[in-house]
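Trainee: I would like to learn how to read salt bridges and surface patches in a model. Can we work through an example?

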Amino acid sequence: MIKDVVERNVDAEDEYISQTINTPLYLGLMGTMLGIIFGLFNLYFIQGSGQDIFDQGISSFLLSVAIAMIASFLGLLLTVINSVFGYKNAHKTIEKNKNDLYTLIQTELMPLINQSVSSSVSTLKDVLIKFNNDF
């Protein structure tokens, strides 16, 4: 029963973490889209004519795309770090702590509960024998 309670709580937290672990990736993709959109708007609003304006617009757009790719890369990097190092290490720690808890329950608490139950049954037996003799 205790194991079931522990497992349900750990599974609930694990589900929450699994759903939020990809957040940096999504933020990086959002940064990529914003960078490209910003670069396109910048191209649209460049005034003037000639090759210099065209070259300036393309340079500005390529800079925006480079910044967007950096945002995407950072999001992917942080997601990999979270998944590989953070989540897996936390999962190992949780499994170790669960096993330590179960060991503590089996070695420390269960013998006390068994003794308590055994002494309670023995007391009940004595009371029933006394009652039976008196009756």
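Mentor: Start with Glu7, and keep in mind that this is a predicted model. Glu7 has a relative accessibility of 22%, so Glu7 counts as partly exposed.

Trainee: Which residue does the side chain of Glu7 meet in a salt bridge?

Mentor: The general idea is that side chains of opposite charge can pair when their charged atoms come close. Here the partner of Glu7 is Lys98, with an N to O distance of 3.0 Å. This pair links distant parts of the chain, since Glu7 lies in helix H1 (residues 2–20) and Lys98 in helix H3, 91 residues apart.

Trainee: Is Lys98 buried or exposed?

Mentor: Lys98 is buried, because its relative accessibility is 9% and the cut-off for buried is under 20%.

Trainee: Which other side chain meets Lys98 in a salt bridge?

Mentor: Glu95 does, at 3.2 Å from N to O. Glu95 and Lys98 are three residues apart in helix H3, so about one helical turn separates them. Glu95 has a relative accessible area of 31% and is therefore partly exposed.

Trainee: How many salt bridges are there by this rule?

Mentor: The count is four. Another one of them joins Asp100 and Lys96, whose closest N and O atoms are 3.0 Å apart. Asp100 and Lys96 also sit about one helical turn apart, because they are four residues apart in helix H3. Asp100 is partly exposed, as its relative accessibility is 40%.

Trainee: Which residues do salt bridges with shared partners join into one network?

Mentor: Glu7, Glu95 and Lys98 form that network. To read such a case, look for a residue that appears in two pairs: Lys98 meets Glu7, and Lys98 meets Glu95.

Trainee: Now the surface. Which residues form a nonpolar patch there?

Mentor: The patch consists of Ile70, Phe73, Leu74, Leu76, Leu77, Leu78, Val80, Ile81, Val84 and Phe85. Together they have about 900 Å² of accessible area.

Trainee: Where is Leu76 found, taking it as one member of the patch?

Mentor: Leu76 is in helix H3, which covers residues 51–134. With 43% relative accessibility, Leu76 counts as partly exposed. A patch member needs over 30% relative accessible area, so Leu76 passes that cut-off at 43%.

Definitions and conventions:
Residues numbered from 1 in each chain as written. Predicted model: local features only at pLDDT ≥ 70, side-chain atom pairs only at ≥ 80, totals over all residues. Heavy atoms only, no water. Patch = residues over 30% accessible without salt bridge, like charges linked within 9 Å, V, L, I, M, F, W, Y side chains within 5 Å. Areas by Shrake-Rupley, 256 points an atom, 1.4 Å probe, with all protein chains shown as cover. Helix = DSSP H or I, 4+ residues; strand = E, 2+ residues; numbered from the N terminus. Buried < 20%, exposed > 50% of the residue type's maximum accessible area, 1.4 Å probe, protein only.
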